[in-house]
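User: Could you walk me through how the two chains meet? I would like to go from the contact to the charged pairs.

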Amino acid sequence: MPVVSMTVNGKPASADVEARTLLVQFIREQLGLTGTHVGCDTSQCGACVVHVDGRAVKSCTMLAAQAEGAEVLTIEGLAKNGELHPVQAAFREHHGLQCGFCTPGMIMTAIDMIRRNPGLDEETVREELEGNICRCTGYHNIVKAILAASQEMR
Amino acid sequence: MYQFNYERPKTLADAEALLGKADDPKILAGGQTLIPTLKQRLAMPSDVIDIGGIKDLDFIRAEGDAIMIGAATRHATVAQSADVKKHNPALAALAGGIGDPAVRHMGTIGGSIANNDPAADYPAACLGLDAKIHTTKRLIEADEFFKGMFETALQDGEIIKEVTFPHPEKAAYMKFRNPASRYAMVGVFVSRGPWGVRVAVTGAGQNGVFRVNDMEEALSKNWSPEAVAGIKVPATGLNSDLHGSAEYRAHLVTVMAKRAVAAAG
Ligand SMILES: Cc1cc2nc3c(=O)[nH]c(=O)nc-3n(C[C@H](O)[C@H](O)[C@H](O)COP(=O)(O)OP(=O)(O)OC[C@H]3O[C@@H](n4cnc5c(N)ncnc54)[C@H](O)[C@@H]3O)c2cc1C
Ligand code: FES
Ligand code: FES
């Protein structure tokens, strides 16, 4: 079994895993970081989105071994010294979550889109959310929260 | 997923050697098609050879009158490339319209054309721009590469290295998305360049991407949306499924072709 090593939320993480282990399994089962969710397991819903070397990816559609040596950021790595990340704070402020299941993926996707799109507008946010599904269908407030956070972070 | 042995070679030569040695290997690039396939147990390779760590396969170069794109270049990289936007904006826009941001961060051009999904976008760009596909064994013309649904001219152990796109004078891609999957119900790529005029259609054909000769002839004489407005492709051989009948797709080909010519200007 290959040993896989990467940095997760700034800390080194390493484990002996089967080659077929998905990145999301590594994060949830090896590291116990269960904030990253599995909604569909078929690459559609985005509940499992994390950042690998700064880019949003679906961790259910990547082998842990593919992330060898990478910097991985999950929802648990966002808050600093007990302070929520501005995107987390905006989701709370604007009621961007109902049951909260899609939220970790929504927030990781939002941070990535804010980084890539200075001057985000509503149309772009909706387009960029293509790969994230909210079963509670609270999209209006999700979009509101992302727009507010992008203003805040400018 | 079934068990497999995983390798992540650093060079193309190592990847070829590993492919040669293994019983029933599969190349892994971005994994956006292969991993879902493995998860559904639709494939059972003995070895997965990950080419994602081969630096020489990840590049974009504009040279002379063409753009060269390394096989392991991500869709997002192509979409954002200043060179691609400048010389071939239709190609940049096509790459930027594949799937969603997370898929574009992982999926590669080589994986997309090797897979040859009948609804994939890149095959339309390759056929519509007279692209050259360079592999570890030979050069394959786009016209010779796409052989049918999920079938290509690639042989066992053959790795795509690079795709060369000559610069078009005019080009555009119009995709009518399936509202759920966002794959093309019908996508039409039109171009004019040193190769003449090309019209390539994805999403519609049962055998994958194809060219529409009647439209190409009409556009060679008169490059305008009106020139293709009266040209219908036959519904025979087109996909019919719960998303749309073959007749509906045939109709969409004309509509998308008109829009693409208008967008190309
Ligand atoms: C949610 C979702 C939405 C999507 N939407 C779209 C869409 O709208 N349009 C679209 O076109 N695609 C879409 N895709 C597919 C996506 O573009 C994939 O990235 C692409 O089809 C495969 O590329 P990959 O690099 O991920 O290849 P992989 O999945 O790694 O490999 C795919 C196949 O190609 C082979 N292969 C890979 N690289 C090479 C190479 N260099 N030489 C020889 N063989 C190779 C592999 O062995 C495998 O058989 C979507 C995917 C998902 C998950
Ligand atoms: S769990 Fe990964 S996309 Fe749904
Ligand atoms: S808040 Fe319930 S799934 Fe989005």
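**Where the chains meet**

Analyst: Happy to help: the contact (heavy atoms within 4.5 Å) takes 22 residues from chain A and 27 residues from chain B. This is a predicted model, in which local features need pLDDT of at least 70 and side-chain atom pairs count only at pLDDT 80 or more, while totals for chains, interfaces and linings use all residues. Residues are numbered from 1 along each chain as its sequence is written, chains are lettered from A and ligands numbered from 1 in the order in which they are written, and side-chain values use heavy atoms, with hydrogens and water left out.

User: What is the area buried between chain A and chain B?

Analyst: Buried area is the accessible area (1.4 Å probe) that two parts lose on being put together, summed over both. Carbon and sulfur atoms give 56% of the area here. The total is about 2200 Å².

User: How many salt bridges does the rule find across the interface of chain A and chain B?

Analyst: A salt bridge is a side-chain nitrogen of Lys or Arg within 4 Å of a carboxyl oxygen of Asp or Glu. A:Lys58 forms one with B:Asp100, the closest N and O atoms being 2.6 Å apart. Across this interface the rule finds 3 salt bridges.

User: Why does the pair of B:Arg182 and A:Glu130 join two chains?

Analyst: These residues form a salt bridge, with the closest N and O atoms 2.8 Å apart. B:Arg182 lies in the loop between β11 (170–177) and β12 of chain B and A:Glu130 in the loop between α4 and α5 (139–152) of chain A, so the pair joins two chains. Helices (H or I, at least four residues) and strands (E, at least two) are DSSP runs, numbered from the N terminus.

User: Is B:Glu216 buried or exposed?

Analyst: B:Glu216 forms a salt bridge with B:Arg211, the closest N and O atoms being 2.9 Å apart. Buried means under 20% relative accessible area, exposed over 50%, and partly exposed in between (1.4 Å probe, protein chains only). B:Arg211, at 28%, is partly exposed. At 7% relative accessibility, B:Glu216 counts as buried.

User: Which residue in β14(B) is the bridge partner of B:Ala200?

Analyst: β13(B) and strand β14 (residues 210–211) of chain B pair in the antiparallel sense over 2 bridges; strands pair if DSSP finds at least two bridges between them. Strand β13 (residues 196–202) of chain B has 6 of its 7 residues buried. The partner of B:Ala200 in β14(B) is B:Arg211.
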